[in-house]
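Biologist: Please take a close look with me at one loop of this model and the side chains it pairs with. After that, I would love to hear how other pairings of these kinds look elsewhere.

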Amino acid sequence: MKIGIDLKELQTASAYRGIGEVTKQVTNKLLPLLAKDKNVDEVTLFMYRDKENEVFQIINVSADLKYNIKYYDPSTLVTGRLDKLKNAFFSKKDPLIEEMDVYLSFSVLGYVPKANNVYLVWYDLIPLVFEDRFTFADNKIILKKILKQRLVRGLIKKIKKQLIYKDLKKSKKIISISNFSKNEILRIYPDLNVDIDVASLGVDEKPAKTLNTADKDLPNKPYLLFIGSPSPRRQLEQLVTQFNDLKQKGYDFQLVLAGKPFEKIQELKFLDLKNVILESPYRNDIITIGYISDEYKAELYAHSLAFVYPTLYEGFGLPVLESMLNKTLILTYNNSSLPEVGGKYAFYADDSSQIADKVIEMYNLSDEERQQIIEESYEYAKQFTWAKTAQRYYDIIMEDFN
């Protein structure tokens, strides 16, 4: 039995997002399981030659694993939106991938190969559900105005819906990261005739290897924390506004925004967010940090007043569990997959207008109340491990060959 694993998302901007985290964690926990399986003849790792060394700094290949590497043709590297369109509609079958009995694809829209053996990891339908906020959000104002016209938006949405459908139809099986994401697929594509399994994501107390990080000293005041990408669906402008409100009310907090796009705030593509940060009267208490190591991330979580995740839509919501495992309170919205993941252990707001009041509520908890919530949520989060996630992947793959 030959198994191929797609690692190219570790060589793109996705390496700094949740997609890269899933690719890294699942692969590292899955490879030892495959190494012990006598029915697995060989594992093939698919990647580009570019940044190959960095891949093997975060992917651990055990000595007993029979594996080889196959490189994608550089001409197939999908970098722009037009490339994604061409790849989705006109891609040809890749003979290297066709040789595999299983090809595990962590890829996103426009990168999924055309083959009969693809086990596709599916994250969410954000590009479709939030097309008005998501499409070309960082483009120039003139282009934005054109794209926001109803007819143009309608056409873009139809194209995206068809693109996603084509990616889903390419799959032999879909592995969804949550029950919510699975149900979203079935809601929007009721005629899709592909099996969908669910493998929830995980968290680990032991930090994983990370590269190219921008760690700093911890803040010197009580602080609210956000880690992730400033996607339009994550209402960070409103978070900053609510932070300003807290400061005006006399709460001497700081706000930490961490993630690759925050590395150089002057170059942040999301102009509304950049402006609200730079124009805040409390700019000196807004700390922006680039991509951080897992070790430093754990420290930031553990010492924060609360992790605030003001997002309108998530396929899973990994930071919810990360914050719980690192023993801090979590405030997020009551939508999409977030209640599925956070359960009764998270604090929920209905919208951004409630953030300041919820933070004050969390701040006013007694030490005993705070500690009880932290300990209960910690025990809950420990149930979600990457080892369990990888075991679920292994079971899904092998059930078709037993």
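Modeller: Here is the loop, followed by what surrounds it and some related contacts.

The model is predicted, so local features need pLDDT of at least 70 and side-chain atom pairs count only at pLDDT 80 or more, while totals for chains, interfaces and linings use all residues. Residues are numbered from 1 along each chain as its sequence is written, and side-chain values use heavy atoms, with hydrogens and water left out.

Let's begin with charges. Side chains of opposite charge can pair when their charged atoms come close. In a salt bridge, a side-chain nitrogen of Lys or Arg is within 4 Å of a carboxyl oxygen of Asp or Glu. Lysine 221 makes one with aspartate 252, with 3.1 Å between the closest N and O atoms. This pair joins distant parts of the chain, 31 residues apart: lysine 221 is in the loop between S7 and strand S8 (223-227), and aspartate 252 is in your loop, between helix H10 (236-248) and strand S9 (254-258). Helices (H or I, at least four residues) and strands (E, at least two) are DSSP runs, numbered from the N terminus.

Aspartate 252 also forms a salt bridge with lysine 247, where the closest N and O atoms are 3.0 Å apart. How accessible are these partners? Lysine 247 is buried at 11% relative accessibility, whereas lysine 221 is partly exposed at 25% and aspartate 252 is partly exposed at 44%. Buried here means under 20% relative accessible area and exposed over 50%, with partly exposed in between (1.4 Å probe, protein chains only).

For comparison, the whole structure holds 25 salt bridges. One of them joins arginine 392 to aspartate 197, at 3.6 Å between the closest N and O atoms. Arginine 392 is in helix H17 (residues 386-398) and aspartate 197 in strand S7 (residues 195-198), so this bridge ties together parts 195 residues apart in sequence. Elsewhere, a network of salt bridges links Glu21, Lys24, Asp294, Lys297 and Glu322.

Now to the rings. Those of Phe, Tyr and Trp (its six-membered ring) pair if their centres lie within 6.5 Å; planes under 30 degrees apart count as stacked, over 60 as edge-to-face and the rest as tilted. There are 14 aromatic pairs in the whole structure. Among them is an edge-to-face pair of tyrosine 251 and tyrosine 363, 5.8 Å centre to centre with 90 degrees between the planes. Tyrosine 251 sits in your loop between H10 and S9, tyrosine 363 is in helix H15 (residues 355-363), and the two are 112 residues apart. Tyrosine 363 is partly exposed, at 40% relative accessible area. Another edge-to-face pair, tyrosine 380 with phenylalanine 384, has centres 5.4 Å apart and planes at 70 degrees; both residues are buried. Ring pairs also gather Phe226, Tyr301, Phe307 and Tyr309 into a cluster.

The elements that flank your loop have a further role as cover. In helix H11 (residues 271-278), the residues Leu273, Lys274, Val276 and Ile277 are buried, and their cover includes H10, S9 and strand S10 (286-289).

Conventions:
Contact = heavy atoms within 4.5 Å.
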